[in-house]
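Trainee: Please take a close look at a single part of this model, and put it in the context of the chain around it.

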Amino acid sequence: MTKWINNDAWNALLNKIKTADQIWLLSSDNVFTYSDAQTNKLGGKAYSMGSISFPASGTKEVALPNVADIPIDRSGTVTAVAFIRAASSELIMMVDVSNQAVAQNGKADVSGIKLKAEVA
């Protein structure tokens, strides 16, 4: 059982996640590949996490930047948010969210997503 991980290791994981350059709203949380994400995409836009990093001590938790005015391409119910690296057609991370209905040609906001690394 893991008891401790070097902070550089946590930040290496976060640095990979920070390669995402798109945020997509998905109609399913049963998404494991870029192709799955494309199939379930309701809308999306360019995205950058900026310079966030895990704190050197204490709880390993970071708040991801909020995103406003994400264009909706098709109506449906958002159940997940995907972080995509479009240049390499790569699904970096998928996060479940509370279900929210969206309408085509509308806009949506994403806020309150936290990435927390836990060691048991």
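Mentor: Contact here means heavy atoms within 4.5 Å. The model is predicted: local features need pLDDT of at least 70, side-chain atom pairs count only at pLDDT 80 or more, and totals for chains, interfaces and linings use all residues. Residues are numbered from 1 along each chain as its sequence is written, and side-chain values use heavy atoms, with hydrogens and water left out.

The part to look at is strand 1, and the chain comes before it. The protein chain has two helices and eight strands (DSSP runs numbered from the N terminus, H or I over at least four residues for a helix, E over at least two for a strand). In sequence order the pattern is α-β-α-β-β-β-β-β-β-β. The C-alpha trace of the protein chain spans about 45 × 25 × 25 Å along its principal axes. A compact globule of 120 residues would have a radius of gyration near 14 Å, and the 15 Å of the protein chain agrees with that (taken over C-alpha atoms, with the rule 2.2 Å times the number of residues to the power 0.38). In the protein chain, 70% of the contacts between residues at least 6 apart in sequence join residues at least 24 apart. Of the 120 residues, 38% count as buried (under 20% relative accessible area; exposed is over 50% and partly exposed lies in between, with a 1.4 Å probe and protein chains only).

Strand 1 covers residues 22-26, and four of these five residues are buried, so the strand is largely enclosed by the rest of the structure. Strand 1 has strand 2 (residues 41-46) as an antiparallel partner, joined to it by five bridges (pairing requires at least two DSSP bridges between two strands). In that pairing, Gln22 stands opposite Ala46 of strand 2. Strand 1 also pairs with strand 5 in the antiparallel sense, again over five bridges. There, Ile23 has Phe83 of strand 5 as its bridge partner.

Lys45 shows how strand 2 meets its surroundings. Lys45 belongs to strand 2 and, at 28% relative accessibility, counts as partly exposed. Leaving aside neighbours within four places in sequence, Lys45 is in contact with Asp21, Gln22 and Ile23, and with Val67, Ala68, Asp69, Ile70 and Pro71. Gln22 and Ile23 fall within the residue range of strand 1, while Asp69 is found in strand 4 (residues 67-71). The C-alpha atoms of Lys45 and Asp69 are separated by 8.8 Å, with their positions 24 residues apart along the chain. Asp69 is partly exposed, at 43% relative accessibility. The phi of Asp69 is near 60°, a positive value in a residue other than glycine. Most residues other than glycine have a negative phi.

Strand 5 leads from strand 1 to the largest pocket. The elements that give two or more residues to the pocket lining are strand 5 (76-85), strand 6 (90-102) and strand 7 (107-110). A pocket is an open set of points on a 1 Å grid over the protein atoms alone, where a 1.4 Å probe fits, with protein on both sides within 12 Å along at least five of seven lines; lining residues have an atom within 4 Å of a point. The largest pocket holds about 190 Å³ of space, counted as the space filled by probe spheres set on points joined across faces, edges and corners. Among the lining residues are Leu25, Val78, Val81, Val97, Ser98 and Gln100; Leu25 lies in the range of strand 1. Strand 6 gives the largest share of the lining, four residues. By class, the lining has eight nonpolar, three polar and one charged residue (nonpolar is Ala, Val, Leu, Ile, Met, Phe, Trp, Tyr, Cys and Pro; charged is Asp, Glu, Lys and Arg; the others, Gly among them, are polar).

The loop between strand 6 and strand 7 holds Asn105. Asn105 is exposed, with 69% relative accessible area, and has a positive phi of about 70° although it is not a glycine.

Earlier in the sequence, Asn11 is found in helix 1 (residues 7-17) and is buried, at 14% relative accessible area. Beyond its neighbours within four places in sequence, Asn11 is in contact with Ser53 and Phe54.
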